[in-house]
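The following exercises call for reading a protein model in steps, from its overall make-up to single residues and ring pairs. Please work through each task before turning to its solution.

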Amino acid sequence: MKVQCSKCGEEYHLRPDENPSDFQCKCGGELIKTNGPPYNPESPEDEGETDPEASNNTYDDLEKKPLEASNDDREKKKSKSIFDDWKKQYMIVIAVVFLVFIIIAVDSAFFFGDLVVTNVTAPSTALKGQEIIIPNTIKNNGILPTGDCNVTFQFTQEQNSKNIIFLGKLRISDLASGASVTQDTKFTVPQNITPGRYYIRVVVDSNKEIYEANENNNEIYSSTQVNII
């Protein structure tokens, strides 16, 4: 079978069982049948021996056309592409949510309240069994408000938690973010305390009732000592 390129005019010989629509010219053109006799590889005439201008190109010189996808195949590919895109977006959302969860879990304390004692003043002298007034300020340095909690006052001869003497405890109400409370707290000096010089130690949220951004800044010592006589 003789075929000719509709684009460049190149001629080819195909076998009778070959379909021109399955091939294309090297230039990319479509093949169309001509009126020439069927191709016979044993025939000199078809090999161009009787016609010097005849083409010796056979189906071996042609390029196979890529198979065109059917409508079903195209729909499947399209559906698969949409599914893949959706799956990627879903995985991205999951990854972002997981990352946010990790960040919150690791640094969640940042969002809570943070109670600190910013000031405590020790009077110069105090008498056993008599009232003592201790000015102090408590502040919430955190982002969220805090709930009610206890504040404990103690005497100690060193600025550490060893050999402490309980003085008293009070309850403070919740504090908003950045809010503070300044008060003159009154207690009675224990009658059985040994006379001498003592620091005043103040511990806010002493019963650990509030989850805070920083649990290591809840105590303070007075900068000077009170002389108990």
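The exercises below concern this predicted model.

**Exercise 1. Overall make-up**

Task: State how many helices and strands the protein has, and what share of its residues is buried.

Solution: The secondary structure consists of 1 helix and 14 strands. Of the 229 residues, 34% are buried. Turning to contacts with a separation of 6 or more, 69% are between residues 24 or more positions apart. The protein exposes about 14,600 Å², of which carbon and sulfur atoms supply 52%.

**Exercise 2. An open sheet**

Task: Give the strand order of the open sheet of 3 strands, and identify its edge strands.

Solution: The order is S6-S8-S11, and the pairing is antiparallel. Strands S6 (115-120) and S11 (180-188) each pair on one side only, which marks them as the edge strands. From one strand to the next, the twist averages 35°. The pairing of S6 with strand S8 (residues 131-140) runs over 5 bridges. Asn119 stands opposite Thr137 in S8.

**Exercise 3. Positive phi outside glycine**

Task: Locate Asn163 and Asp205, and decide for each whether the residue is buried or exposed.

Solution: Most residues other than glycine have a negative phi. Asn163, not a glycine, has a positive phi of about 55°. Its place is the loop between strand S9 (149-156) and strand S10 (165-172). With a relative accessible area of 71%, Asn163 is above the 50% cut-off and therefore exposed. Asp205 also has a positive phi of about 55° without being a glycine. Asp205 is found in the loop between strand S12 (196-204) and strand S13 (219-221). Its relative accessible area is 0%, under the 20% cut-off, so Asp205 is buried.

**Exercise 4. Aromatic pairs**

Task: Classify the ring pair of Phe112 and Tyr211 and that of Phe153 and Phe187, and place each pair in the chain.

Solution: The count comes to 3 aromatic pairs, among them the two treated here. The rings of Phe112 and Tyr211 have centres 4.9 Å apart and planes at 80°; planes over 60 degrees apart count as edge-to-face, so this pair is edge-to-face. Phe112 lies in the loop between helix H1 (71-107) and S6, and Tyr211 in the loop between S12 and S13, so the pair ties together parts that are 99 residues apart in sequence. Phe112 counts as partly exposed, at 29% relative accessibility.

For Phe153 and Phe187, the ring centres are 5.0 Å apart and the planes at 50°, so the pair is tilted. Phe153 in strand S9 and Phe187 in strand S11 are 34 residues apart, and the pair links distant parts of the chain. Both Phe153 and Phe187 are buried.

Conventions
Residues numbered from 1 in each chain as written. Predicted model: local features only at pLDDT ≥ 70, side-chain atom pairs only at ≥ 80, totals over all residues. Heavy atoms only, no water. Helix = DSSP H or I, 4+ residues; strand = E, 2+ residues; numbered from the N terminus. Buried < 20%, exposed > 50% of the residue type's maximum accessible area, 1.4 Å probe, protein only. Contact = heavy atoms within 4.5 Å. Areas by Shrake-Rupley, 256 points an atom, 1.4 Å probe, with all protein chains shown as cover. Pairing = 2+ DSSP bridges. Axes fitted to C-alpha atoms, helices over the stretch in contact; angles between N-to-C directions. Phe/Tyr/Trp six-rings, centres within 6.5 Å; stacked < 30°, edge-to-face > 60°.
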